Structures are given as C-alpha cells and as structure tokens.
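Colleague: I'd like to learn how to read a model like this one, starting from the ligand and working outwards. Could you walk me through it?

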Amino acid sequence: MTEPTEAGDSEDEPAALSPAEGSDLLEGDDKARSVQSMFDRIAPRYDLVNRIMTFRLDLRWRRRAVRELKLPKDSTVLDLACGTGDLCVNLFQAGLAPIGIDFSAGMLASGRSGAPLTQADVLRLPVPDGRVDGVTCGFALRNFTDLHAFFIELGRVTRPGGSIALVDAAEPENRLLRLGHAIYFQRIVPKIGGLLSDKNAYGYLPKSLAYLPAPEEMIASLNAAGFTDARRELLFAGAAQLITGTRS
Ligand SMILES: C[S@@+](CC[C@H](N)C(=O)[O-])C[C@H]1O[C@@H](n2cnc3c(N)ncnc32)[C@H](O)[C@@H]1O
C-alpha cells in the first residue's frame, strides 16, 4: 500500500463520540470529528462486517458504480472517502487509475488496494480545478457535514465530460420492504456490528440515513454543481442507490 500523504484539515485529537448520541444526530465539526474517530476505531474489521451485513452485495454495487463511469482506460479517477479502498480495487480492475482520499488514517492504513492515497477532508480537496476524469464515492454521503459543498467540490475537480458515480445505502420506497429493511438495519445490523466490531458505530449506521436529503434535492444540488444530467437509480429493491452524472 502507498503510504498516505497528509493534506487538508484532519483533526489530531478526535473526540471519542458516536455521531448519533441517543436519537440526536451531531452536526458540523462535532459530526466530522466523531465520524473520523469512529472510522479509525472500526477500520480493522470494516471490510468483514460490510461483507456479512450486505451478504456481499456491497461488492456488486461498487462494481456497478465503476461501470457507470463509462470512462476510457487509464482515466484518472478520485475515489473520495475511499476508506479501505474497495472501489480503488474495482477501478484498477476496470483499467482506470484511481487515487484514494479519506480523512481517517485508520481506514487508509487498513487498505491494500495499492492505489496512491492522500489523507484529506473531501470538502477541501487538495486537487486543482478540472484535473480528474472521474470521481467515485462509496457509502459515505451520509457522513459528510455539507453535501452541497461536497457536490460543488466534485464539480470543481472533474473536467468537462468527466463523470461521477456515487453509491450509498437507501431506504426502500415500498412500505413492506421498508418495514423489513428497518427491522434488519435497525435491529440486526447493530447486533452483527456489536459482536464483530463496535456496537455504537453500527448503531449509528441506520440512523445516519436521516442525514441524506430528499432525492430530488440531491439531484438539484448536483445540477447546480455542473452535473446537469445527474440521475439516481435504486439498487436491490431500494436498499442502495447509485447517483451518476457527467460534468457539463
Ligand atoms: C462507510 S465508509 C466507506 C468507505 C469506502 N468508500 C467503501 O466503499 O467501503 C465512509 C468513509 O468516509 C470517510 N469520510 C467521512 N467523512 C469524510 C470527509 N469529510 N473527508 C474524508 N473522508 C471522510 C470515513 O473516514 C470513511 O472511511
């Protein structure tokens, strides 16, 4: 693994908080600090818990995201909030040239993708304007403190004609599926996470869905950031979502 280089404003002493204390969801710097320290804590078993709680579907969803970029071989793709680098692996497999960026030193250190890595806040990317051909982001939108600012950063660093593919968890629209999903996500996932990793962190996961704005709001925000054809597709009956777009 490439040693991560440090850039941006990552905190030296993150507070040992969960981003969701009881039913309250943290905001702003408090949220960023607690998200960062939470991922540092759960990094060693992050991949294992992901595979178990999604029945390995997370791998399929990431591969799908990479296919949707529709970029030529050797294109440079930023994988933002790359974590342990699963998307970087898929990007390499597709013949693309990934660069991973994340603010959690623990997550970066647990990766084995072989991609160049930088430790930075994705809301302040150490990347010149229009420099990259594409951007991916997996299962992280809920964790950012300002999604519109993130989309503006995507518009800034992606060249005209470049593309983005953002995949994240979602809630099914069908009422029955939504109920089944809620039981699994709110009751079972925290138990699996608690057994194998960190109970608080995996208790935050279902609550974190509340951070996501309405789909039409996200699409409007991406349109304003320069992705005029942005669209959202539901995966696996709405348990996940894929947002794609081309920089105009
Ligand atoms: C659920 S993990 C996803 C990791 C990886 N993308 C994947 O597909 O498995 C969320 C990641 O977002 C990172 N993250 C959250 N907010 C961030 C920010 N503002 N800047 C950089 N990384 C951030 C966390 O450190 C964590 O590694």
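Modeller: Happily! One thing to keep in mind is that this is a predicted model. For a ligand site, begin with the elements that supply its surroundings. Here helix α1 gives the largest share of the shell around the ligand, with 4 residues.

Colleague: Which residues come nearest to the ligand?

Modeller: Ala81, Gly83, Phe103, Ser104 and Gly138 do, out of 21 residues around the ligand. The elements that contribute two or more residues to that shell are α1 and α3, the latter spanning 86-93.

Colleague: And how many residues of the shell are nonpolar, polar or charged?

Modeller: The shell has 13 nonpolar residues, 5 polar ones and 3 charged ones.

Colleague: Let's move to the strands. With which strands does β4 pair, and in what sense?

Modeller: For pairing, follow the bridges from strand to strand. Strand β4, residues 76-80, has 4 of its 5 residues buried. It runs parallel to β5 (residues 97-102), with 5 bridges between them. β4 is also parallel to β7 (residues 132-138), joined by 4 bridges. Leu78 lets you see both pairings: its partner in β5 is Ile99, while in β7 the bridge partner is Val135.

Colleague: What handedness does the unit of β4, α3 and β5 have?

Modeller: Those three elements form a right-handed β-α-β unit.

Colleague: Back to α1, then. Why does Arg41 count as partly exposed?

Modeller: Counting neighbours settles that. Arg41 has 19 other C-beta atoms within 10 Å, so it is partly exposed; the buried class starts at 20. Arg41 sits in α1, which covers residues 28-53. Leaving out residues up to four places away in sequence, Arg41 touches Asp198 and Ala201. Its C-alpha atom is also 9.5 Å from that of Ser104, although the two are 63 residues apart along the chain. Ser104 is one of the residues that come nearest to the ligand.

Colleague: How should I read the protein as a whole?

Modeller: Take the inventory, then the overall dimensions. The protein has 8 helices and 10 strands. Its C-alpha atoms fill a box of roughly 45 × 40 × 30 Å along the principal axes. A compact globule of 248 residues would have a radius of gyration near 18 Å, so the 17 Å found here agrees.

Colleague: What share of the residues is buried, and how many contacts join residues at least 24 apart?

Modeller: Buried residues account for 44% of the 248. Among contacts between residues at least 6 apart in sequence, 66% link residues at least 24 apart.

Notes. Residues are numbered from 1 along each chain as its sequence is written. This is a predicted model: local features need pLDDT of at least 70, side-chain atom pairs count only at pLDDT 80 or more; totals for chains, interfaces and linings use all residues. A residue is buried if 20 or more other C-beta atoms lie within 10 Å of its own, exposed if 12 or fewer, and partly exposed in between; C-beta atoms are placed from the backbone. Two residues are in contact if their C-beta atoms, placed from the backbone, lie within 7 Å. A residue is near a molecule or strand if its C-beta atom, placed from the backbone, lies within 6 Å of it. Ala, Val, Leu, Ile, Met, Phe, Trp, Tyr, Cys and Pro count as nonpolar, Asp, Glu, Lys and Arg as charged, and the others, Gly among them, as polar. Two strands pair if DSSP finds at least two bridges between them. A crossover is right-handed if, with the strands pointing away from the viewer, the path from the first strand over the helix to the second runs clockwise. The radius of gyration is taken over C-alpha atoms; the globule rule is 2.2 Å times the number of residues to the power 0.38.
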